[in-house]
Amino acid sequence: MLKRSVTWVGLVLTIGLAYSPQVLLAAEQPETTTNISSDVVIQPIRLEISLSRRKVTLYHENTLIKTYPVAVGRAGWETPTGNFQVAQMLENPKWINPTTGEAIAGGTPENPLGRYWIGFWTNGREWIGFHGTPNPSSVGTAASHGCIRMYNKDIEELYPLVSLGTSVTVVP
């Protein structure tokens with residue numbers, strides 16, 4: 001049985017949401033695109049990101065469960081809009097600077113991704129996803145390289161509730 005100190009997570013689990021995230025266990029992001037297997041079961045959990053409100057909302061079917069504040073892509077690095085699916089989930093991901101190519105190992109204090117990564121967009125080389133941040137004052141602003149920055153406590157709470165294949169909708 002999963003035990004969480006977060007009351008709403010207990011409520012969500014009590015009302016019958018499945019807790020079975022399929023996690024790609026790796027210490028760094030792969031060099032190639034991760035394809036979603038056709039046998040992944042799509043859960044009734046979905047995420048909706050509002051770029052203008054700088055919020056991500058977690059839904060169970062059409063029931064709003066929780067809304068989190070986020071940072072979104074800044075000018076020149078805008079977060080793409082559209083319908084996506086979670087294609088990658090990592091703990092302690094490696095960060096690669098998109099302009100210099102410099103890599104920062106996962107799990108280190110200097111890593112700007114924090115401890116969790118939920119990737120939902122890729123062009124085959126670059127990824128965009130949800131992650132924590134060592135810069136909490138950026139949450140609520142347009143500050144990232146396209147990613148969805150969250151408070152570390154929020155991404156830690158969200159990570160076990162989604163799985164590969166979870167729907168992610170990004171609206172302006």
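**A tour from the core to the sheet**

Start with the largest nonpolar core of this predicted model, which has 35 residues. Select I49, F120, F130, M150 and V168, the residues with the most contacts inside that core. Then colour the elements that feed it. Strand 1 (45-50), strand 2 (55-60), strand 6, strand 9, strand 10, helix 2 (152-158) and strand 13 (167-171) each supply at least two core residues. Strand 9 gives the largest share, four residues. As background, nonpolar side chains in soluble globular proteins tend to be buried together.

**Stop 1: F130**

Keep F130 selected and show its surroundings. Leaving out residues up to four places away in sequence, F130 touches L47, I49, V56, Y116, W117, I118, F120, I148, M150, I155 and V168. I49, F120, M150 and V168 are in that contact list, and they also appear among the core residues with the most contacts.

**Stop 2: the open sheet**

Now display strands 6, 9, 10 and 12. They form an open sheet in the order 6-9-10-12, with mixed pairing. Which strands stand at the edges? Strand 6 (88-91) and strand 12 (148-149) do; each has a single partner strand, so one side of each is left without a neighbour in the sheet.

**Stop 3: strand 9**

Select residues 116-122. Five of the seven residues of this strand are buried, so strand 9 is largely enclosed by the rest of the structure. Look first towards strand 6: the two pair in the antiparallel sense over four bridges. To find the register, pick Q88, whose bridge partner in strand 9 is G119.

Then look towards strand 10. This pairing is antiparallel too, over five bridges. Here W121 has I128 of strand 10 as its bridge partner. Follow the chain from strand 9 into strand 10: they form a hairpin with four residues between them. Stop in the turn at G124, where phi is positive, about 100 degrees.

**Stop 4: strand 10 and strand 12**

Select residues 127-131. Strand 10 pairs with strand 12 in the parallel sense, over two bridges. Return to F130 here: I148 in strand 12 stands opposite F130. I148 is also one of the residues that F130 touches.

**Stop 5: H131**

Finish on H131, in strand 10. Is H131 buried or exposed? Its relative accessible area is 5%, under the 20% cut-off, so H131 counts as buried. Show its neighbours next. Again leaving out residues up to four places away in sequence, H131 touches P112, L113, Y116, W117, C147, I148, R149, M150 and I155. Among them, I148 stands opposite F130 across the strand 10 and strand 12 pairing.

Definitions and conventions: Residues are numbered from 1 along each chain as its sequence is written. This is a predicted model: local features need pLDDT of at least 70, side-chain atom pairs count only at pLDDT 80 or more; totals for chains, interfaces and linings use all residues. Side-chain values use heavy atoms; hydrogens and water are left out. Two strands pair if DSSP finds at least two bridges between them. Buried means under 20% relative accessible area, exposed over 50%, partly exposed in between (1.4 Å probe, protein chains only). Contact means heavy atoms within 4.5 Å. A nonpolar core is a set of buried Ala, Val, Leu, Ile, Met, Phe, Trp, Tyr and Cys residues joined through side-chain atoms within 4.5 Å.
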